[in-house]
Amino acid sequence: MSPPAADQPARDPFVPDERVEALLIATPPGWEEVALGNLHATMSDHAHAEKKAALSALSLLNANPARDELVYKMGKLAREEIRHLDQVIGHMRRRGWSLLADRPDRFAGALLSERRGGGAEGLCDRLLVAALIEARSWERLNLLGRALRSAGDVELGEFYGELARSEAGHYRVFVELADAECPGVDVHGRLSELAQVEAGVIADLPHEPRIH
Ligand SMILES: [Fe+2]
Ligand SMILES: [Fe+2]
């Protein structure tokens with residue numbers, strides 16, 4: 001890992017927000033530069049990520065109709081993710097940028113492949129994988145927001161900072177739901193295992209103009 005170039009401000013040390021304590025490592029240095037280098041591609045990927053978050057919330061709701069708390073929270077979450085999608089597309093339109101085709105997501109694919117089958121363990125894993133995707137989105141959107149503010153795009157930078165805080169809140173929603181909906185499962189032991197996998201995937205992921 002190379003040190004930051006002399007003219008680049010040093011990054012803050014990685015201190016996971018207490019709301020996303022499961023993240024074990026920071027994104028390796030250099031991702032922000034790649035993301036800003038093709039902001040159109042990054043924002044398009046981000047729009048697709050918000051779309052997939054909304055679809056995933058609705059899919060969880062659909063699969064668990066009798067779980068009242070889950071249905072309530074996933075309905076609210078889907079609405080919020082759709083709002084984020086609408087906001088990102090609005091920012092893209094102001095720049096004259098179209099949505100690009102969605103591309104396979106290695107990060108999410110690697111985590112989703114770790115999920116166990118049905119029952120309480122299956123639901124627990126589904127909720128915890130969603131939690132970790134939200135947690136990494138928090139970190140990446142936060143990094144992007146800071147990079148944009150440093151580059152002088154204060155409005156878009158503030159937007160990304162605000163979105164990052166919202167994704168940290170979503171992480172908590174999923175962990176709390178796993179605690180409430182999966183009695184008899186070692187939720188926090190499993191979260192630690194999945195967080196190790198997540199850290200391995202992030203360490204190996206090439207830097208690309210995408211959120212993860
Ligand atoms: Fe979102
Ligand atoms: Fe989210």
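This report walks through the two iron sites and the salt bridges of the structure above. Keep in mind that the model is predicted.

**The iron sites**

Let us begin with the iron ion (ligand 1). Its protein donors are E50 (OE), E81 (OE), H84 (ND1) and E167 (OE), found at 2.0 to 2.2 Å. The angles subtended by these four donor atoms run from 88 to 139°, and the arrangement is irregular because of that spread. A geometry counts as tetrahedral if all angles lie between 85 and 135 degrees, so the upper value of 139° rules that label out here. If you want to find the donors in the sequence, look for the spacing E-x30-E-x2-H-x82-E. H84 sits in helix α3 (residues 68-94) and E167 in helix α6 (residues 154-181), so this pair ties together parts of the chain that are 83 residues apart in sequence. Both H84 and E167 are buried.

Now for the iron ion (ligand 2). It is coordinated by E81 (OE), by E134 through two entries (OE and OE), by E167 (OE) and by H170 (ND1), with these donors lying 1.9 to 2.6 Å from the ion. Along the chain, the donors of this ion follow the pattern E-x52-E-x32-E-x2-H. Distant parts of the chain are linked here too: E81 in helix α3 and H170 in helix α6 are 89 residues apart.

What lies between the two ions? E81 bridges the iron ion (ligand 1) and the iron ion (ligand 2), and the ions are 3.5 Å apart. E167 also appears among the donors of the iron ion (ligand 1) and among those of the iron ion (ligand 2). E81 has a relative accessibility of 0% and therefore counts as buried. H170 counts as buried as well, because its relative accessibility is 4%.

**The salt bridges**

Side chains of opposite charge can pair when their charged atoms come close. How many salt bridges does a search of the whole structure find? The search gives 15. The table sets out three of them, with the N to O distance for each.

| Pair | N to O distance |
|---|---|
| E181 and R67 | 2.9 Å |
| R136 and E198 | 2.7 Å |
| R172 and E176 | 3.4 Å |

E181 and R67 form a salt bridge. E181 belongs to helix α6, while R67 is in the loop between α2 (39-63) and α3, so the pair ties together parts that are 114 residues apart in sequence. Is E181 buried or exposed? With a relative accessibility of 13%, E181 counts as buried. R67 is partly exposed, at a relative accessible area of 31%.

The side chains of R136 and E198 also meet in a salt bridge. R136 lies in helix α5 (residues 119-150) and E198 in helix α7 (residues 187-204), so parts that are 62 residues apart in sequence are tied together. R136 is buried, with a relative accessible area of 0%, and E198 is buried with a value of 0%.

The bridge between R172 and E176 stays within one helix. Both residues lie in helix α6, four residues apart, which is about one turn of the helix. R172 is partly exposed, with a relative accessible area of 24%, and E176 is partly exposed, with 41%. Elsewhere, salt bridges that share partners join R116, E121, D125, R190 and E193 into one network.

Key:
Residues are numbered from 1 along each chain as its sequence is written. Chains are lettered from A and ligands numbered from 1 in the order in which they are written. This is a predicted model: local features need pLDDT of at least 70, side-chain atom pairs count only at pLDDT 80 or more; totals for chains, interfaces and linings use all residues. Side-chain values use heavy atoms; hydrogens and water are left out. Donors are N, O and S atoms within 2.8 Å of the metal (3.2 Å for Na, K and Ca); water is not among the atoms, so sites may look incomplete. Four donors count as tetrahedral if all angles lie between 85 and 135 degrees; four count as square planar and six as octahedral if opposite donors are over 155 degrees apart and all others between 65 and 115; anything else is irregular. Helices (H or I, at least four residues) and strands (E, at least two) are DSSP runs, numbered from the N terminus. Buried means under 20% relative accessible area, exposed over 50%, partly exposed in between (1.4 Å probe, protein chains only). A salt bridge is a side-chain nitrogen of Lys or Arg within 4 Å of a carboxyl oxygen of Asp or Glu.
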